[in-house]
Amino acid sequence: MLQARIPPWGHNTETLGKKSPDLGEYDPLTQADSDESEDDLVLNIQKNGGVNGKSPPEETEDPDSDVEAGMTKQQTSESTPEGYPAETAGSLEQKAAPSLMPYLRTAIFLLTVVISMILVLVCAFLIPCPPRDLHNTWNRNLGQGAGGVLSPLELCDVNGDDLPDILIVFTALMNASVMGVSRPSVTVVALSGMNGSTLWSIQLPEETRSVQCNGLSLGAAAGPVCLVTGTSKFLSLLSASTGKTIWTLNSIHLSNGILAAPAATLPDVDGDGIRDIVVLALKETQPDVFFILVSGKTGTALGGPVKYSTNGEGKVIGPQVHITSRGAIYILFGFGNVQAVALRDIFTQARNRDNFPAMLQQEEPEWEKRRSVNLSELIDIYSGGVDFLQTVKTPDTNCSNLLITTKESLILLRGHDLERRWTLELQNISSQPVPGYFGADQTLDFMLQAQTGDGNKKVMVIDGKSGLPVWNQELPWQRQQLDALSVMTLDKKSVFLFWADETQPVLQSLQPGPRPERPGLHHLYLLHPVFPTVLLDLTNATDKVIASAVGINDLQKDAFHITVTTTATSEKQPGFLSVSKLGLKWAMMSQGQMVWLKDSSTPKISRGEVRRFLARMKFADFPQKL
């Protein structure tokens with residue numbers, strides 16, 4: 001029996017041998033060794049074909065089928081490359097398709113890079129960079145002043161640019177609508193620390209004692225706030241961002257008295273999560289004083305007034321909040337003296353009840369011992385001629401000492417037992433001590449100014465541990481005394497700033513070229529503890545300097561000095577107020593003049609050494625406030 005065989009795919013039948021006209025006939029010229037697919041095809045023909053090469057009756061072939069089959073075989077044979085099997089050609093087609101994958105991967109990578117670049121550019125425009133303080137100096141004229149109480153300058157970031165802005169209160173002359181007559185008006189102005197532009201301005205009903213923007217907050221969502229204390233009956237909390245009033249204390253609580261001093265901030269005593277306020281007031285007809293507790297959240301009085309009788313005479317001291325190492329809270333105040341009253345006692349009498357919050361349950365035994373001396377609720381701390389009272393934080397502890405300044409002495413008391421640590425005797429002390437780090441012991445030292453008999457002033461730095469002077473210099477000064485300022489650097493030193501008249505020692509500029517002396521100018525000097533024999537003359541002014549402050553730019557590690565001057569020659573002739581800013585690093589490097597405190601033809605410190613040191617100097621916010 002003959003089996004039908006089909007020539008294997010991929011072989012040219014005309015080349016290998018003669019083509020058999022009949023499928024059932026065996027052609028010996030065909031390739032004998034076929035692959036497995038050929039054997040499978042033979043088996044399929046055996047199963048599906050008939051015996052003796054004939055098809056089953058039900059599958060009668062079409063006469064034209066042989067012709068079509070022959071043409072199909074011929075086309076297949078011609079389309080297949082010579083010498084290559086059909087499977088190889090199929091595999092080449094399969095390999096040609098995957099060859100597009102590298103191009104696809106490259107396209108995806110480039111598309112990802114383009115999208116990333118677009119996102120970076122979009123974020124660069126949508127997310128602004130922190131503003132840089134490019135204005136090293138500016139000057140702003142506030143108009144003609146009308147005298148009155150000028151409260152200390154307050155620095156606070158009111159517009160959210162991470163740079164302190166300036167809040168100043170002054171009495172200006174405003175043109176009335178009738179006949180063009182000028183009338184005095186108390187105005188609070190917020191100036192941008194960046195360029196001196198006006199952020200907001202409001203009018204107040206009375207002159208002010210202080211504007212305090214640190215220590216009181218209504219929460220992060222509410223933004224910064226400022227507490228304004230007037231000279232009579234005005235106490236109000238303002239939004240530092242807009243100047244709008246949040247609350248005002250009802251003047252009925254001060255119907256028989258007036259505000260004696262700036263308000264002080266307390267811990268939260270009413271349990272609403274917001275720090276509260278204590279106010280010291282004076283009776284108009286009696287020499288008594290009384291305290292009022294005020295809610296920091298709503299401005300309502302927390303109970304009635306608490307009255308005390310005092311026997312002191314002199315400058316108003318306090319109120320100041322002092323927290324001992326045991327957590328006891330006392331209010332320090334006085335009139336030429338220093339007395340203390342427990343906040344627990346004020347709270348109990350104001351609310352007319354014996355129970356009080358847990359924070360007020362602590363007592364300081366050494367302080368309470370002094371209460372039994374006068375058998376009253378007041379504790380005597382110091383008596384006689386007190387001009388200034390400051391609390392000084394001690395290093396590595398949670399306790400503060402008390403620094404008391406009189407006309408003739410400087411006294412430091414230990415905070416836990418009120419015993420003296422040291423006393424410095426000095427005549428005609430004319431300014432409040434300014435804390436700063438002059439030595440390397442990380443203990444706060446103090447710069448002090450005292451008037452001398454010849455119209456000069458003596459500037460001194462007092463060691464905080466021993467109370468002894470570690471630096472002093474006598475400088476000319478004929479005007480009203482101004483407090484010095486201090487700024488801390490990143491190397492945990494402090495530079496001190498103070499005003500004085502033209503000095504006589506030799507001047508040496510940080511920039512080449514001589515600088516002539518100009519008598520009558522008021523100069524701003526900088527003292528760094530690394531160079532105690534050199535003063536740096538930063539700037540000068542011809543007008544009367546009435547206030548100054550210093551701010552820190554944390555982003556650029558720089559500091560700036562704010563000066564308020566007036567052209568007034570007397571109180572009866574009001575002059576024009578002017579506010580100016582001076583960048584300290586810019587002033588030191590561009591216009592600073594070296595003043596040698598000791599005459600020497602060959603100074604030990606070269607100008608280049610000082611300049612290189614100042615170029616590396618970076619400022620930081622003062623970590624320990626008084």
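Two strands count as paired when DSSP finds at least two bridges between them, and with that in mind we can walk through parts of this predicted model.

Strand β24, which spans residues 445-451, pairs with strand β25, residues 456-462, in the antiparallel sense over 6 bridges, and within this pairing Ala450 stands opposite Lys458 in β25. The two strands form a hairpin with 4 residues between them, where Gly455 takes a positive phi near 85 degrees. Strand β24 is also joined by 3 bridges to strand β23, residues 434-436, again in an antiparallel arrangement, and here Pro435 has Phe446 of β24 as its bridge partner. As for its surroundings, β24 is mostly covered, since 6 of its 7 residues are buried.

A second group of strands makes an open sheet of 4 strands with antiparallel pairing, in the order β1-β34-β33-β32. Its edge strands are β1 (137-144) and β32 (544-553), each of which pairs on one side only, and the twist from one strand to the next averages 15 degrees. Inside this order, β33 (residues 558-566) and β34 (residues 576-583) pair over 7 bridges, with His561 standing opposite Leu582 in β34.

Turning from strands to a helix, how many of the 9 residues of helix α6 are buried? In α6, which covers residues 343-351, 7 of the 9 residues are buried, so the helix is largely enclosed by the rest of the structure. Among these buried residues are Leu343, Ile346 and Phe347, and also Arg344 and Asp345. After α6 comes Asn352, whose phi is positive, near 60 degrees.

How values were computed: Residues numbered from 1 in each chain as written. Predicted model: local features only at pLDDT ≥ 70, side-chain atom pairs only at ≥ 80, totals over all residues. Heavy atoms only, no water. Axes fitted to C-alpha atoms, helices over the stretch in contact; angles between N-to-C directions. Buried < 20%, exposed > 50% of the residue type's maximum accessible area, 1.4 Å probe, protein only.
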